[in-house]
Amino acid sequence: MTKKTIEQRLGERIRVLRKKAEISQEELAFRAGVHRTYLGGIERGERNPSLKNIEAIAKALEVPISDLFIN
């Protein structure tokens, strides 16, 4: 059994919250001020976003940063 990386777990959580908010990757990327392909990479666990980008994504989702780390 392969354990998921923290990047994968963060990406999955962002995807769940984005879908719950009923917004597209493109819209979330726009709101967070990041490129849509970068956001896609985060959601797939391929990127390791900076704290500034994590904060921007949380604000764009209108959730506290801590919500991004709750499984």
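A polar contact is a pair of N or O atoms within 3.5 Å, where, within protein, one atom must be able to donate a hydrogen and the other to accept it. In this predicted model, the side chains of Arg 18 and Glu 43 form such a polar contact, at 2.6 Å. That pair makes a pleasant way into the fold, and the surroundings of Arg 18 are taken up again below.

The overall architecture comes first. The protein has four helices and zero strands, and its elements follow the pattern α-α-α-α along the sequence. Its C-alpha atoms fill a box of roughly 35 × 20 × 20 Å along the principal axes. For 71 residues, a compact globule would be expected to have a radius of gyration near 11 Å, and the value for the protein, 11 Å, agrees with this. Of the 71 residues, 38% count as buried. Contacts that span the sequence are well represented: among those between residues at least 6 apart, 53% join residues at least 24 apart.

Attention now turns to how helix 1 meets helix 3. Two packed helices are described by the angle between their axes and the distance between the axes. Helix 1, residues 6-20, and helix 3, residues 36-43, pack at an angle of about 115 degrees, and their axes are 7 Å apart. On the helix 1 side, the contact involves Glu 7, Gly 11, Glu 12, Ile 14, Arg 15 and Arg 18, while helix 3 contributes Leu 39, Ile 42 and Glu 43. By character, the residues of this contact divide into five charged, three nonpolar and one polar.

Within this contact, Arg 18 of helix 1 deserves a closer look. Is this arginine buried or exposed? With a relative accessible area of 8%, Arg 18 is buried, because the cut-off for that class is under 20%. The polar contact at 2.6 Å joins its side chain to that of Glu 43, a residue on the helix 3 side of the packing. Beyond its neighbours within four places in sequence, Arg 18 is in contact with Ile 23, Ser 24, Gln 25, Leu 28, Glu 43 and Leu 61.

Leu 28, one of those partners, leads on to helix 2. This helix covers residues 25-32, and Leu 28, Ala 29 and Ala 32 are buried in it. Seen down the helix axis, these buried residues fall within an arc of 100 degrees, so they line one face of helix 2. An α-helix has 3.6 residues a turn, so residues three or four places apart point the same way. The buried residues of helix 2 pack against helix 1, helix 3 and helix 4, the last of these being residues 51-61. On the face turned away from this buried side, helix 2 carries the exposed residues Glu 26 and Phe 30.

The backbone also offers some details worth noting. Gly 33, just after helix 2, takes a positive phi of about 75 degrees. Positive phi values also occur at residues other than glycine, including Glu 22, with phi near 55 degrees. Glu 22 lies in the loop between helix 1 and helix 2 and is exposed, with a relative accessible area of 72%. Glu 62, likewise not a glycine, has a positive phi of about 60 degrees. Its place is in the segment after helix 4, and Glu 62 is exposed, with a relative accessible area of 71%.

Note on methods. Residues are numbered from 1 along each chain as its sequence is written. This is a predicted model: local features need pLDDT of at least 70, side-chain atom pairs count only at pLDDT 80 or more; totals for chains, interfaces and linings use all residues. Side-chain values use heavy atoms; hydrogens and water are left out. Axes are lines fitted to C-alpha atoms, for helices over the stretch in contact, and angles run from 0 to 180 degrees between N-to-C directions. Helices (H or I, at least four residues) and strands (E, at least two) are DSSP runs, numbered from the N terminus. Contact means heavy atoms within 4.5 Å. Ala, Val, Leu, Ile, Met, Phe, Trp, Tyr, Cys and Pro count as nonpolar, Asp, Glu, Lys and Arg as charged, and the others, Gly among them, as polar. Buried means under 20% relative accessible area, exposed over 50%, partly exposed in between (1.4 Å probe, protein chains only). The arc is that of the directions from the helix axis to the C-beta atoms. The radius of gyration is taken over C-alpha atoms; the globule rule is 2.2 Å times the number of residues to the power 0.38.
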